[in-house]
Amino acid sequence: AAFAEVVRQGHPQRLNEVRATADGTPSVWDCTLIPIAREPGGQVDYVVLSAVEVTRPVLAREALEEVDRLKDNFLSLASHELRTPLTPLAAYVEVLAHLLAEKRRDPEWDRQVGDVLTKFRRQIGYMARLTEDLVDMSRIRSGKLSLDLKPVDLRRVVQEGRDQAALLDGNAVVQLEMLENGDLTTMADDLRLAQVVYNLVSNAIKHAPASGDILVRVSSRTAEGQRWGRVEVRDAGPGIPNAYRDDLFQRFLSPTHIGRAARAGLGLGLFISAKIVEQHRGRIGVDHLDPGTSVWFEVPLAGQPAGSAPESRAASSSR
């Protein structure tokens, strides 16, 4: 159609970003159709196609546009998530003020005050965790996420992270299973590693709240002359949608599916966890169960011959 229009009008026509595929490889071209006539103003006898490949700059521009879109979505999500706890906090303040104004001081009054304070602390903790995720994100991007490495017991770290996450939902049952009786000492930043456990368990609670118990399993394995401590968090929820499985440990991922909690978070938890595990010379991955999901990480245990660290990038497998 473009050729016919150039022949009919006798004027050049530019075709911007023409996309083509050759041998399965896509390319983008900036094309111009130029009419050629034997006599000035006469009938067009030929049309010359001038084409310049612009694949790389076009793909680079589209990548930047995608980053801008993700940032816009993230800012919108962040403002919503940080604003979410403010409404119940304001309500709790009013309830607490009303209770304090009452003259009675009986067991029921004590119970009501304690209940409000518990909910108050939970919302403040949620806001603090959101803020800390944003700070960690900045540290990761600037290369300033440092670790305070020292010998720590992996069991203790897992228990601390699991206990912190269990406070998110008083109805959640988070079982802890130790499959290893030997030494599980690892050179680690115990606070950061507990943060990873917290993120994995809290994700299981939020994404599969009605799926039954959540299992946190601690074990070890030996590979290439090195013992590795393994922490696995299992749930029997609806699982991870196929569209998100390859990008599970990327920034700003916050999939929506049946069974997830109303409070979504910023989609940074798994990305931050992956970076922390990588800095411990470990790896993190996910197994897709039927039903449910198992998210796990492994870190090298101390006191063993040093072997090659497992592949540091996030891994994924299916069962």
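Let's start where helix α5 meets helix α6. On the α5 side, the residues in this contact are Leu154, Arg156, Val157, Val158, Gly161, Arg162, Gln164, Ala165 and Ala166. Facing them from α6 are Asp190, Leu193, Ala194, Val197, Tyr198, Val201, Ser202 and Ile205. By class, the contact of α5 with α6 divides into eleven nonpolar, three polar and three charged residues. Please keep in mind that this is a predicted model.

How do we describe such a pair? Two packed helices are described by the angle between their axes and the distance between the axes. Helix α5 covers residues 154-166, and its angle with α6 is about 45°, with the axes 7 Å apart. That angle makes α5 oblique to α6. As for handedness, α5 and α6 cross in the right-handed sense.

Now stay with α6, and look at another partner. Helix α6, residues 190-207, also packs with helix α8, residues 269-279. Here the angle is about 145°, and the axes lie 9 Å apart. Which way does α6 pass α8? The crossing is left-handed. From α6, the contact takes in Arg192, Gln195, Val196, Asn199, Leu200 and Asn203. From α8 come Gly269, Leu270, Ile272, Ser273, Ile276 and Val277. If you sort the contact of α6 with α8 by class, you get six nonpolar, five polar and one charged residues.

Let me point out one residue of α8 in particular. Lys275 lies in that helix, and Lys275 is partly exposed, at 29% relative accessibility. Along the chain, Lys275 and Val196 are 79 residues apart, while their C-alpha atoms are separated by 9.7 Å.

Next, a residue from a further helix. Asp136 belongs to helix α4, which covers residues 107-142. Is Asp136 buried or exposed? It is buried, because its relative accessible area is 0%. And what does Asp136 touch, once we leave aside neighbours within four places in sequence? The answer is Leu145, Arg192, Gln195 and Ile272. You have met some of those names already: Arg192 and Gln195 are on the α6 side of the contact with α8, and Ile272 is on the α8 side.

Let's move to the sheet at the start of the chain. Three strands form an open sheet here, in the order β1-β2-β3, with antiparallel pairing. Why is one side of β1 and of β3 left without a neighbour in the sheet? Those two strands, β1 (13-22) and β3 (44-53), stand at the edges, and each has a single partner strand. From one strand to the next, the twist averages 35°.

Looking at β1 and β2 more closely, their antiparallel pairing runs over eight bridges. Two examples: Thr21 has Pro26 of β2 as its bridge partner, and Arg14 stands opposite Thr32 in β2. The hairpin of β1 and β2 has two residues between the strands, and in that hairpin Asp23 takes a positive phi near 55°.

In the middle strand of that β1-β2-β3 order, have a look at Leu33, which lies in β2, residues 25-37. Leu33 is buried, since its relative accessible area is 0%. Leaving aside neighbours within four places in sequence, Leu33 is in contact with Ala2, Phe3, Val6, Pro12, Gln13, Leu15, Val47, Val48 and Leu49. One of these, Leu49, is 16 residues away from Leu33 in sequence and 4.8 Å away in space, C-alpha to C-alpha.

To finish, two loop residues that are worth a look on your screen. Glu224 sits in the loop between β7 (214-223) and β8 (226-235). Although it is not a glycine, Glu224 has a positive phi of about 55°. Glu224 counts as exposed, with 59% relative accessibility.

The other one is Arg281, found in the loop between α8 and β9 (283-288). Arg281 is not a glycine either, yet its phi is positive, at about 60°. How exposed is Arg281, and what is its relative accessible area? Arg281 is partly exposed, with a value of 44%.

That's my tour, and thanks for listening!

Note on methods. Residues are numbered from 1 along each chain as its sequence is written. This is a predicted model: local features need pLDDT of at least 70, side-chain atom pairs count only at pLDDT 80 or more; totals for chains, interfaces and linings use all residues. Side-chain values use heavy atoms; hydrogens and water are left out. Helices (H or I, at least four residues) and strands (E, at least two) are DSSP runs, numbered from the N terminus. Buried means under 20% relative accessible area, exposed over 50%, partly exposed in between (1.4 Å probe, protein chains only). Contact means heavy atoms within 4.5 Å. Two strands pair if DSSP finds at least two bridges between them. Axes are lines fitted to C-alpha atoms, for helices over the stretch in contact, and angles run from 0 to 180 degrees between N-to-C directions. A crossing is left-handed if the near helix is turned anticlockwise from the far one by less than a right angle, and right-handed if clockwise. Ala, Val, Leu, Ile, Met, Phe, Trp, Tyr, Cys and Pro count as nonpolar, Asp, Glu, Lys and Arg as charged, and the others, Gly among them, as polar. Angles under 35 degrees count as roughly parallel, over 145 as roughly antiparallel, 65 to 115 as roughly perpendicular and the rest as oblique.
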